[in-house]
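Here is a short note for a colleague who has not looked at this model before. Please read the points with the structure open.

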Amino acid sequence: MLGKGGKRKFDEHEDGLEGKVVSPTDGPSKVSYTLQRQTIFNISLMKLYNHRPLTEPSLQKTVLINNMLRRIQEELKQEGSLRPMFVAASQPADPLSDNFREAQPAFSHLASPPLLPADLVSTMPLESCLTPASLLEDDTFCTSPAVQHDGATKPPPPALQAVKDSFSSALDEIEELCPAPTSAEAVAAEPAAHDPKAQPGESNIHKPEGLPESRTAEPKLMDPLPGNFEITASTGFLTDLTLDDILFADIDTSMYDFDPCTSATGAASKMAPVSADELLKTLAPYSSQPVTPNQPFKMDLTELDHIMEVLVGS
Amino acid sequence: FLGAGGGNDIQWCFSQVKGAVDDDVAEADIISTVEFNHSGELLATGDKGGRVVIFQQEQENKTQSHSRGEYNVYSTFQSHEPEFDYLKSLEIEEKINKIRWLPQKNAAQFLLSTNDKTIKLWKISERDKRPEGYNLKEEDGRYRDPTTVTTLRVPVFRPMDLMVEASPRRIFANAHTYHINSISINSDYETYLSADDLRINLWHLEITDRSFNIVDIKPANMEELTEVITAAEFHPNSCSTFVYSSSKGTIRLCDMRASALCDRHSKLFEEPEDPSNRSFFSEIISSISDVKFSHSGRYMMTRDYLSVKIWDLNMENRPVETYQVHEYLRSKLCSLYENDCIFDKFECCWNGSDRQVEFSSLIVMTGSYNNFFRMFDRNTKRDITLEASRENNKPRTVLKPRKVCASGKRKKDEISVDSLDFNKKILHTAWHPKENIIAVATTNNLYIFQDKMN
């Protein structure tokens, strides 16, 4: 996959972007700009959504991480806007989900491999995407996704689209598995998600905000997590929240009831009662190896990484 | 003595270390703030467990002229307790975020201590005498039968063992929705400000049920929030002037005479970003973690993640000086973001106010990782890196300077960036107002260093 031709294009692209600032001889850095961006994006998401503190998390930290995500999202949007926006058939136009639309570029980015020299160079302002390669790290952490990343994006667009299609339907399947209102948070952009009672499992330990300041009419995007700082709703990453939660279900199972949806009253705010088996079945189309339902989460890390990339838009 | 034109480097020596020797740090023992009082005789620390410990300097021993008095525990009290916010189902940490001393007016000492939500005014007083000889009470407090009293006497004060009592005199609560990061006492010594992420309130020290909101940056729609307040301080001389810093690296100077709500700054201090240093993390590392006025009030200093900047209040568009604290971390920002170290809030402090004779005699101190701390001396134009550790610490032995090797060949005695311990961070330091004595807090230990006296 890392054919010479591909690699050359990649380098050209990189040079074109970073142009004057970085000399082409900034060799040591093995991490591409987009790769680092993706890594930071993922880290930021994890920070925001996988942290369940007993005390209120720092608003400063939340704001800074949010800003980071927004910036990356903006960039992706700009990049994505150069390609036909891929709208999955199963994603209904949803008047409420500005947040979901915002997240679209992350998905549509899938359809557009990040390596389109001519288009991108012409429209992306230099300063918005420069990280001098000398600043990029030789972090093993940063490099390990590289393998998966390249694997994920090398397939030609039509295949990706096919993947996306079946993936969207996979999302639907997952959704079906948890019909409770709580799980509606924008996986398929169901509009109902944002009434305070329908809390995602994330905010299990946080009661809905009392909102001592009534000055703000709660926007429809309000989502009291994490830590009830209203700010989090603005990230537009609620879609990813659900998927992350599903994916990370094996990491932190304390929030989840692994019985298949028994209660229609999701208001108990346990979300995503998806059994590992069902999840595996859903994800099976994407794994090159057959996965036996009897071995929940025996899929190896590469598969998980692959899925992660597909979801958050490598 | 560090004369203004002397050009002598201060030679720092280990003096004392307070706290557990144990490597296993108890969470509650983590020091969260350090502050000398106005005379330097008292040194207060606050910790994550809500306790305040005050050390007092021994009176100078005339015979031991080669060292200044040692600091010993003077008073320990529980300032804040953990609370529970039932509305949000979240704990309110008892961690002491800041301590500020009031200037001494009478025999008692007063300080303000604050956690995330509540500020308290504590009175620390000594008792070394007690009344004896009551007519109606026995010495142990039991009441005497009045019919047994045959003579009368006047009770007198008799000396007793020194007792230091701390009592809360005022509790300033329920004024902050967000987490308090700063308190600052006004030069009028009657009012003070408290700042949280989005608001700054003005209090009168005598009045606890009312405070005035003087800055409010909360947007109508919280989704639009992109910037928070990170620190605030009153000007040392002008009682209507204060500054506050933000997470975007700006400092705003406000005048309370201009309007009741100081939403519009009088001055905005911001340095344009250096495009060659731009990265994903530019914003985060520009977030200011501390701001301190110099004694004269002509200058102020800000600390962001990688540097300390000195600003002239008359020049808004750039600092007059910038010192790199640990530039070698710039290439590690991704890891530091991942492990949250990039959000560490380092404080900074000036040398003692008495020593700040002029611009050239200013010295800046701030902490770093691996229990290193740094000093930048405007007088000698030199900077130095020192380490707070129990090893190599013999009293009156000058501390050996440390060096971090950023890349390439590591010289002997240098430490490579990759072997720095990022769990050993020095966030809080303080400088005695009159002497060259500094207090440096590692995670759970307090180090005191002194200038080697000749």
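**Notes on charged side chains**

1. K88(B) and E56(A) form a salt bridge, with their closest N and O atoms 2.9 Å apart. The pair joins two chains, because K88(B) lies in the loop between β6 (83–85) and β7 (90–92) of chain B, while E56(A) lies in the loop between α2 (33–49) and α3 (59–80) of chain A. The model is a predicted one, and the distances in this note should be read as values computed from it.

2. Are the two partners of this bridge buried or exposed? K88(B) has a relative accessible area of 10% and is buried. E56(A), on the chain A side, has a relative accessible area of 9% and is also buried. Both values fall under the 20% cut-off for buried residues.

3. Over all chains, the structure holds 34 salt bridges. The next points take up a few of them.

4. Within chain B, R330(B) forms a salt bridge with E327(B), and the closest N and O atoms are 2.6 Å apart. R330(B) counts as buried at 15% relative accessibility. E327(B), in contrast, counts as partly exposed at 31%.

5. Another bridge in chain B links the side chains of D383(B) and R374(B), at 2.7 Å from N to O. Which partner is buried, and which is partly exposed? R374(B) is buried, with a relative accessible area of 10%. D383(B) is partly exposed, its relative accessible area being 46%. In this pair the arginine is the buried partner and the aspartate the partly exposed one.

6. Salt bridges can also share partners. In chain A, R37(A), E75(A) and E79(A) are joined in this way into one network.

7. The last residue to look at is D216(B), which is found in strand β15 (residues 207–216) of chain B. With a relative accessible area of 15%, D216(B) is buried; the cut-off for that class is under 20%.

8. What does the side chain of D216(B) meet? One partner is the side chain of R199(B), joined to that of D216(B) by a polar contact of 3.0 Å. Another is the backbone of K218(B): its nitrogen lies 2.9 Å from a polar atom of the D216(B) side chain.

9. For a first look, two places can be compared on screen. One is the K88(B)–E56(A) bridge, which joins two chains. The other is D216(B) in strand β15 of chain B, with its contacts to R199(B) and K218(B).

Note on methods
Residues are numbered from 1 along each chain as its sequence is written. Chains are lettered from A and ligands numbered from 1 in the order in which they are written. This is a predicted model: local features need pLDDT of at least 70, side-chain atom pairs count only at pLDDT 80 or more; totals for chains, interfaces and linings use all residues. Side-chain values use heavy atoms; hydrogens and water are left out. A salt bridge is a side-chain nitrogen of Lys or Arg within 4 Å of a carboxyl oxygen of Asp or Glu. Helices (H or I, at least four residues) and strands (E, at least two) are DSSP runs, numbered from the N terminus. Buried means under 20% relative accessible area, exposed over 50%, partly exposed in between (1.4 Å probe, protein chains only). A polar contact is a pair of N or O atoms within 3.5 Å; within protein, one must be able to donate a hydrogen and the other to accept it, and residues adjacent in sequence count only if both atoms are side-chain atoms.
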